[in-house]
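Visitor: I would like to learn how to read pockets and salt bridges in a model such as this one. Could we go through them one at a time?

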Amino acid sequence: MVSIDVSDFYKEWAARSGDVIDAAEGAGPGSLDGLRLAYRAFFQDSIPAPDEVEFHAVDAGGVAAERVTTAGAVEGRYLVYLHGGAYIVGDPQGYRGLVGHFARRLRAHALVPDYRLAPEAPFPAAVEDSVTAYRWLLEQGTDPANVVFAGDSAGGALAVSALVEARGQGLAMPAAAIAISPWANLEHTGATMFSLDGVDPSVGRQGLRRAADVVLGRAPANSPLASPVFADTRGLPPVLIQIGGHEVMLSDALRLAAKLAEDSVPVRLEVAPEMGHVWHLLVGHLPAADKAVSDGVAFALEHLSAR
């Protein structure tokens with residue numbers, strides 16, 4: 001396994017994210033396609049896939065996706081993972097490391113939708129593609145009681161929003177969902193958007209506001225499927241929210257937990273002191289990341305069908 005300096009990782013991640021936002025706005029010297037490929041390579045080099053995990057391209061009902069197969073997986077058990085990247089960048093190939101570690105520990109296969117990105121495909125394209133991929137998985141005969149949703153950052157919010165839309169379309173709910181560092185409120189009104197701006201090592205309020213403008217198009221920031229703190233979440237399965245104590249998104253994660261509780265959704269909130277955005281990416285290098293992944297797996301196992 002490669003060695004990672006945590007501070008350097010976050011600095012480079014922040015710089016690459018900033019370059020992507022510049023390009024998405026039509027500014028900066030780099031092409032958006034080129035920066036997306038470089039972003040993927042950075043993730044692949046920093047967080048390589050673990051052993052005994054294979055990756056296969058699939059067409060999930062018209063949505064490009066990767067099917068991740070793991071040695072020793074429980075038959076029929078699936079993790080549907082929705083990658084982060086502010087809905088502008090990120091793909092299944094770049095997330096093979098984190099998804100591979102999650103799937104191996106969960107003893108599950110995984111489906112990772114390569115959902116459409118903004119600005120080419122603004123909101124609600126990512127929601128639509130995620131629901132389509134989930135419907136396809138169910139149509140393959142997968143029992144929803146053996147499925148767990150998870151995602152980080154934009155994908156953490158999407159893990160909730162996609163289930164809200166799936167419920168609205170009459171699809172059966174999975175066993176549980178895990179929202180990691182969710183970008184849950186594109187109005188960015190939480191107190192920590194201000195108090196932790198500059199403390200969070202990877203994202204800041206201004207960058208998030210710029211990204212939201214790219215993603216939303218003409219949709220308002222309080223659209224329930226873009227900002228699930230405003231959604232009707234009744235009927236969703238149990239949700240685990242994991243958020244770092246140094247994240248600007250902390251207050252809005254707390255607000256999402258409160259909204260789920262108000263809607264009678266079983267919810268568990270875990271705040272990791274002093275952790276930055278999606279610290280899970282440092283699994284194998286940071287004890288807190290290993291613990292967070294293990295805690296997510298334990299939560300999933302509490303709710304999956306026993307086998």
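**Reading the pocket and its neighbours**

Guide: This is a predicted model, and we can begin with its largest pocket, whose lining comprises 14 nonpolar, 9 polar and 2 charged residues.

Visitor: How much space lies in the largest pocket, and which residues are closest to its centre?

Guide: The space amounts to about 300 Å³; 25 residues line the pocket, and those closest to its centre are S17, I21, A86, V203 and L208. Two elements, helix 1 (6-24) and helix 7 (205-216), each give two or more residues to this lining, with helix 1 giving the most, namely 6 residues.

Visitor: How should I read a salt bridge, and what does the one between R210 and D22 tie together?

Guide: A salt bridge is counted when a side-chain nitrogen of Lys or Arg is within 4 Å of a carboxyl oxygen of Asp or Glu. The closest N and O atoms of R210 and D22 are 2.5 Å apart, and because R210 lies in helix 7 and D22 in helix 1, the pair ties together parts that are 188 residues apart in sequence. D22 and R210 also belong to a network of salt bridges with E25.

Visitor: Where do R40 and D91 lie, and is D91 buried or exposed?

Guide: R40 and D91 form a salt bridge with their closest N and O atoms 2.8 Å apart; R40 lies in helix 2 (residues 32-46), whereas D91 lies in the loop between strand 3 (78-82) and helix 3 (96-106). Buried means under 20% relative accessible area, so D91, at 10%, counts as buried, while R40, at 23%, is partly exposed.

Key
Residues are numbered from 1 along each chain as its sequence is written. This is a predicted model: local features need pLDDT of at least 70, side-chain atom pairs count only at pLDDT 80 or more; totals for chains, interfaces and linings use all residues. Side-chain values use heavy atoms; hydrogens and water are left out. On a 1 Å grid over the protein atoms alone, a cavity is a set of points where a 1.4 Å probe fits but cannot get out, and a pocket is an open set with protein on both sides within 12 Å along at least five of seven lines; lining residues have an atom within 4 Å of a point. Grid points are joined across faces, edges and corners, and a volume is the space filled by probe spheres set on the points. Helices (H or I, at least four residues) and strands (E, at least two) are DSSP runs, numbered from the N terminus. Ala, Val, Leu, Ile, Met, Phe, Trp, Tyr, Cys and Pro count as nonpolar, Asp, Glu, Lys and Arg as charged, and the others, Gly among them, as polar. Buried means under 20% relative accessible area, exposed over 50%, partly exposed in between (1.4 Å probe, protein chains only).
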